[in-house]
Amino acid sequence: MTQAARITPPRALLLLVAGFVVWSSAFVWLYGGLSVGCAFGWDRITLAGTSALRLGLLLIWLVHVAALGWLLAYSRAVRQAGRSPPFVTTAATALTVVALIATVWTGLAIPATTLCI
Amino acid sequence: MQQMSDQPSAPASAVALHKQLEAVWGTPPGLGRLASVNHTIVGRRFIVTAFVFFAIGGLLAMLIRTQLATPRSAFLGPEIYNQIFTMHGTVMMFLFAIPMFEGLAFYLLPKLLGARDMAFPRMSAYGYWCYLFGGSILVVGLALGVAPDGGWFMYTPLSSKTYTPGINADLWLIGVTFVEISALSAAVEIIVTVLKLRAPGMSLDKMPLLAWYLLVTAFMMLFGFPPLIVGSILLEVERAFGLPFFDPTRGGDPLLWQHLFWLFGHPEVYIIFLPAAGMVTTILPVFAGREIIGYTWIVVSIVALAFLSFGLWVHHMFTVGIPHLALAFFSSASTAVAVPTAVQIFAWLGTLAAGRPRLTVPMLFLLGFFFVFVAGGLTGVMLAIVPFDWQVHDTHFVVAHLHYVLVGGFVFPMMAAAYYWLPHFTGRSTRHGFGVTVFWLIFAGFNLTFLVMHWTGLVGMPRRVYTYGTETGWEWLNLISSFGSFLMAIGFALFAIDVLMQWRYGRRTRRNPWRAETLEWAMAVPAPSYNFASLPAVSSRAPLATEPQLPAHLAAGRGYLPFVRDGRMETLAVGLVTGQIEQVVRLPNRTLLPLITAIATGVFFVSVLFKLYVPALVGAAATLAMFLLWTRTTGDLQDRGAMPIGRGESAAPHTEAMAPPALWAMALTLAADATAFASLAFGLVFLWVVAPNWPPPALLAVDPAATVVAVVGFVGAALVGRISVRPAVIAVPRLRDRVLIGVAAAHVAALAGLGTTMLEVPDPTRHAYPAATMMVLLYAAFHAALGIVFALYGVWRSRAGFVSPARSLDLRIGAMWHAATAAIGAVSLLLVHGLPVVMT
Ligand code: HEM
Ligand SMILES: [Cu+2]
């Protein structure tokens, strides 16, 4: 069996922050999407029983949550295979979990709150 | 000859070794000091200067409190009062807190990490001069009575030409930007130093926590300051040339300033808090007598904190009509950010509880910090409750809360740090009794001033008013508050006296008086210019605990690099994660160039201030020329291969390494650059989507030929730039010169295409659309112009013999610039041509 390649710097460092980079992306896309959507009146277009804007925001949110889910699985795999020092993988996994929670937390209001007022 | 110089041997005795190192690393006294680049000296300068600015800011606070002590006071008029509180806030935030952090980082980092200096000593010196000059511009403005007066966040339109026709606002924009440039360069330097210049064996998880804190803070500065710099440039361009970015009648929007400012301003609060928290995390375990609890958790929480703190800038804009859902996004970040803060507080409390605390002076200040900071957190929660916020919005309640957080979160930990590291600076021991008096004066004075100020706020006293009448019933509260502030001032004055006395007359201290376990105490105090006579091999987080004999061994030359080779200053760089030895970094020695370069930069800024654009261009050109001169002593004219570093090991010089510090610095600079560009692009899109009076009267006409030339130029620069670093190309001097000239030609084409496009832009003073479009194009053009410089610089270095297949650093740095320029150019073109299509 061949040992999978070790994760080397600077990628090891990227692994640490990858989770929160995804969180940042979610944040920017959600806030940006909302602002642009409101400016263009996408909240008044109905799609599948709800507004197109809300649907779009939900989609952005879910994509990011899914990305974080994948990242979590990946950093756990890296950790189990011992492809990076234990400290880095432990911290990376923990940070990914925290970022996942933060992202879920950020989007919770999307289904519930008024969009553009 | 070369044989000899590559096989240096350690001198026979510790004293001989010290003399040898001191001869190379030391800085002569007198005028020679102006040329100093040593991190101990530059760090100390930053700290002392920041303390002077703290005194100035404190003096202004005393003037405010004197004015407010009695009703209908005739001491200060409203114009002066406005200048004074604005300058108080500005000085404290920009000229005290951030530079104090930089100074401590410069002074401590190499010592903590087991290195001999920072990664770019001349940059530190340059940054210091920029800070000093920029700060002086502001202080001179204050002395002449033309200081900024629109509040420390400079809201437009108050700070626009119409409402502030004088030079006041320009002073702020120019002075602060000048200082911020030094902060950005400090951020790059701190990051590279922490990542690379550590002692062998110090893997990421063995790094002292303070280094983690400083690393994360520096990253926050790297991404937090560019929006403010862009905002300041836009506002200055609006004020000077009438390009209406913030003027709603011509398609601008004051909200754009608020976004750009708070995009920086909120993280700024954490940029101030994190280093202070790092000090707490370092000092507390020493006096608790045990290791800090939860190392990994602290690292995780500060990284999380850094990100989350960027997600709540809009909470300063709750009153400007933002949709509920957007508010929900920002509230989610506001609540989330409390969790990592709490994790740290629990780690500190847990460490205290599990240890046997010693009640020293630094410890007293840490306890004061806990008390004040937690109280500030509680009033923060009160402010987060929206109806309450409305009630006390813009009253002295907010002023009181802000000082509980800032003074609690920064000044108290800094005082602890001052008493903790003073013996390191002076080599003398502190006097316990005096320090205790200082603590109680400051602690009592602070609480008296600001606890009472909560009350003045609750009864309705607004902030930023210069006087009040007797009918308000606010006199007693204000008098008590002012009395408290004078107590506090006496405390700080006594502190200054204490420091002077200790420095002049203190008893000599022994090495490591607090029995600390980190490397900065493994040297004689005050620190020698080279820090370590030989560099340690680190095997734990507490090197001095694992190996109590370490200081003696290092002094005796039993570590790495126990010699001077070729009269050069050398330190080691390691693998970023593993801490394995990677390269020998050869540092530049003292020179006047940083000072001269900073003076040239100052000429640029002062000329812009007085709207003298020809001298400004001369200043900018001189700055660039000076920077090019710096490189004459960097690099190497021959391949050296691995060099012995002592202990039977060897490493290549950084000039021949895969990833030398300068390459990292370039990558980080480009990250900040990309952030600035993104802020600018955000400005254009934001105005188009949100601002009134859009769409603009006329759009940019597309000139297909110009666009094609620009695209070809950019793509060419990136591609040919890549080719220029191919081993096969670098190996043939004539070929690599030609390729580099090709890169320069590609940039010229890009510049020509962009220039022609700019001619098509409608009058930029008419509307924010042409104004912002122009700025985006200028941004790209600036990069192409510098791209020419980089390419020709490569030719020069190549011809001068600095380049070989092993020594390709200069060309690789250039290639990074060419690629970044291409990316920025492509996005710019896409924006200016694509946006009109999408939006109309
Ligand atoms: C040393 C004792 C200090 C005192 C007695 C003091 C006093 C004051 C007072 C009375 C004001 C309100 C002025 C007004 O609204 O009319 C104020 C504003 C302010 N202070 Fe302090 N302060 C002190 C230290 C600090 C420190 C250490 C910092 C930051 C690190 C700071 C940052 C600010 C800021 C940002 C403002 C807001 C300025 C504005 O409204 O534009 N202060 N201070
Ligand atoms: Cu904030």
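Let's start right at the ligand: a backbone N or O atom of R464(B) sits 2.7 Å from an oxygen atom of ligand 1. Before going on, note that this is a predicted model, where local features need pLDDT of at least 70, side-chain atom pairs count only at pLDDT 80 or more, and totals for chains, interfaces and linings use all residues. Residues are numbered from 1 along each chain as its sequence is written, chains are lettered from A and ligands numbered from 1 in the order in which they are written, and side-chain values use heavy atoms, with hydrogens and water left out.

Back to ligand 1. The R464(B) pair is a polar contact (a pair of N or O atoms within 3.5 Å; within protein, one must be able to donate a hydrogen and the other to accept it, and residues adjacent in sequence count only if both atoms are side-chain atoms). Next, R463(B) places a polar side-chain atom 3.0 Å from an oxygen atom of the ligand. H88(B) deals with a nitrogen atom of ligand 1 instead, with a side-chain N or O atom 2.8 Å away from that nitrogen. The helices that give two or more residues to this shell are α3 (39-69), α4 (78-113), α13 (396-426), α14 (432-458) and α15 (475-505) of chain B. Helices here are DSSP runs (H or I, at least four residues), as strands are (E, at least two), numbered from the N terminus.

There are 22 residues around ligand 1, and Y81(B), H88(B), W152(B), H403(B) and R464(B) come nearest. To be near, a residue needs one heavy atom within 4 Å of the ligand. What sort of residues are they? The shell has 15 nonpolar, five polar and two charged. Ala, Val, Leu, Ile, Met, Phe, Trp, Tyr, Cys and Pro count as nonpolar, Asp, Glu, Lys and Arg as charged, and the others, Gly among them, as polar.

Now look at where the chains meet. In chain A, 36 residues are in contact (heavy atoms within 4.5 Å) with 33 residues of chain B. Together the two chains bury about 2900 Å², 88% of it on carbon and sulfur atoms. Buried area is the accessible area (1.4 Å probe) that two parts lose on being put together, summed over both. On the chain A side, F27(A), Y31(A) and F87(A) lose the most area to chain B, together 23% of what that side buries.

Five residue pairs are in polar contact between the chains, both at pLDDT 80 or more. In chain A, α1 (11-40) and α3 (86-107) each supply at least two residues of the side touching chain B, and α1(A) gives the largest share, 16 residues. By class, that side has 31 nonpolar, five polar and no charged residues.

Finally, chain B has some backbone oddities. Most residues other than glycine have a negative phi, and most peptide bonds are trans. A cis peptide bond, with omega about 5 degrees, joins T156(B) and P157(B), and P157(B) is in the loop between α5 (121-143) and α6 (168-196). Another cis bond joins W694(B) and P695(B), with omega about -5 degrees. K611(B), not a glycine, has a positive phi of about 60 degrees, in the loop between α18 (593-609) and α19 (613-630).
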